[in-house]
Amino acid sequence: MLYSNVDLVTFEFKKPRCEVVVAKKVKRNSPCPCGSGLKYKKCCLDETRSVDQRLKEIYAKNFSIRLKEKADIKAIKRAGQLVVRTLDLVETKIRPGLTTDEINTIVHDFTIKRGAIPAPLNYRGFPKSVCVSVNEVICHGIPGERVLQDGDIVNVDVTTILNGYYADANKTYFVGTPIPKAEKIVRVARESLKLSLAVVKPGNTVGHIGWAIQQYAEGEGCSVVEEFTGHGIGFDFHEPPQVPHFGRKGEGITLVPGMVFTIEPMINLGKKELRILDDNWTAVTRDGSLSAQFEQTVVVTDSGYESLTPYEL
Ligand code: MF3
Ligand code: CO
Ligand code: CO
């Protein structure tokens, strides 16, 4: 079911006239086979409606994916600029001796001062304004009394709501002088995101993204966390679709212009398995190995993608 819909949508995107539908000789007044819920004559038969309009309906109806319009993208980009400025500010403060709670204060105060809201605060009971994940912590680390030590790696994951729009990005930083293992895992995680961004374009699928990450990271002898995925974003923190960081080319939802989602590979130096601590949030590697992550929010464009939380990889 899902896959035939994907085929239809891919076809629809590549050719404004929906030949799949035409081939079935559907009656003008019967429901459109694309699943939009409209009459065929008001949907795929109607050449006056733009491809954009039809895609928007098909994605909403079939996948609950809300494609974004120009004005939405502009607003998410503003939120994204604030996220990047927040990460830049954090970067200037990272040093041995800093506590993870001090990072929380930096992020919280800066966000509020700019008239925005830190999305993690009280999100499904999360008690702080940012996720701070040190060394073997994969993600969702809760800021607290932990003191950063020389040689640590620390991921800071910032999600900001500005004028009702969400943007989400993270980076992994070195604390003081990195040890070789830390250099490796941070390099592989950064490169994983970079390589996956390169396959973001209309007609490719979320499977291309997962494939790009998995084949590279595993080729480097690292592993990919499977329990957490990238996600649609913009109107809400986590929207459909899920964007797994593993998979095969051509699998899953087809990328189309106006899709906004995150890619956020979590890469472990050892095995992929994780464990959740008693706080019900903190995800750590089961084998205690280092884990690193980079995340950006992107929009699919007519020819590829644009990062809405752009920073150099
Ligand atoms: N920012 C994380 C992500 O990339 C989600 C954090 S959920 C929270 O999806 F509640 F822990 F903040
Ligand atoms: Co995030
Ligand atoms: Co995210």
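Val299 touches Lys68, Ile73, Val260, Tyr305, Glu306 and Leu308, leaving aside residues up to four places away in sequence. In this predicted model, Val299 is part of strand E14, residues 296-300. Val299 is buried, since 22 other C-beta atoms lie within 10 Å and 20 are enough for that label. One of its contacts reaches back along the chain: Val260 is 39 residues away in sequence, yet the C-alpha atoms of Val299 and Val260 are separated by 4.3 Å.

Now step back to the overall layout. The protein chain splits into domain 1 (2-63) and domain 2 (70-307), and the C-alpha centres of the two lie 35 Å apart. The largest nonpolar core has 84 residues, and Ala79, Val156, Ile185 and Ile267 touch the most other members. Helix H4 (residues 70-93) supplies the largest share of this core, eight residues. Both domain 1 (2-63) and domain 2 (70-307) give residues to this core, so it lies between them.

Take Ala79, which sits in helix H4. Buried or exposed? Ala79 has 26 C-beta neighbours inside 10 Å, so it counts as buried. Leaving out residues up to four places away in sequence, its contacts are Thr160, Ile161, Leu162, Tyr165, Tyr166 and Ala167. Leu162 is 83 residues from Ala79 along the chain, but their C-alpha atoms are separated by 5.2 Å.

That leads us to strand E4 (residues 153-162), which pairs with E2 in the antiparallel sense over four bridges. One pairing to look for is Val132 with its bridge partner in E4, Val156. Val156 has come up already, as one of the core residues that touch the most other members. In strand E2 (residues 131-134), Cys131 and Ser133 point one way while Val132 and Val134 point the other way, and all are buried.

The loops around these strands hold a couple of backbone oddities. Most residues other than glycine have a negative phi, and most peptide bonds are trans. Arg124 goes against that pattern: it isn't a glycine, but it has a positive phi of about 45°. You'll find Arg124 in the loop between strand E1 (117-118) and E2. Arg124 is exposed, with 9 other C-beta atoms within 10 Å. Asn163 also has a positive phi, near 50°, without being a glycine. Asn163 lies in the loop between E4 and strand E5 (165-174), and it counts as exposed because it has 10 C-beta neighbours inside 10 Å.

Next, the ligand. Ligand 1 has 13 residues around it, of which Pro120, Tyr123, Phe126, His140 and Asp157 come nearest. What is the make-up of that shell by class? The shell around ligand 1 has four nonpolar, four polar and five charged residues.

Back in the core, Ile267 is worth a look. Not counting residues up to four places away in sequence, Ile267 touches Ile185, Val188, Ala189, Ser192, Ala217, Cys222, Val224, Ser291 and Ala292. Ile185, like Ile267, is among the core residues that touch the most other members.

Turning to the sheets, three strands form an open one in the order E6-E10-E13, with antiparallel pairing. Strand E6 (223-224) and strand E13 (291-293) each have a single partner strand and stand at the edges, so one side of each is left without a neighbour in the sheet. Strand E10 (residues 266-268) and E13 run antiparallel and are joined by three bridges. To check the register, find Met266, which stands opposite Gln293 in E13.

A hairpin makes a good last stop. Strand E7 (residues 230-232) is joined to E8 by three bridges, and the two run antiparallel. Gly232 has Glu239 as its bridge partner in E8. There are six residues between the strands of this hairpin, and Gly234 takes a positive phi near 135° there. Which peptide bond is cis? The bond from Pro240 to Pro241 is, with omega near 5°. Pro241 lies in strand E8 (residues 239-243), so on this assignment the cis bond leads into a residue of a hairpin strand.

Notes
Residues numbered from 1 in each chain as written. Chains lettered and ligands numbered in written order. Predicted model: local features only at pLDDT ≥ 70, side-chain atom pairs only at ≥ 80, totals over all residues. Near = placed C-beta within 6 Å. Nonpolar A, V, L, I, M, F, W, Y, C, P; charged D, E, K, R; others polar. Domains from an automatic or database assignment. Core = buried A, V, L, I, M, F, W, Y, C linked by C-beta atoms within 7 Å. Buried ≥ 20, exposed ≤ 12 C-beta atoms within 10 Å, placed from the backbone. Contact = placed C-beta atoms within 7 Å. Pairing = 2+ DSSP bridges.
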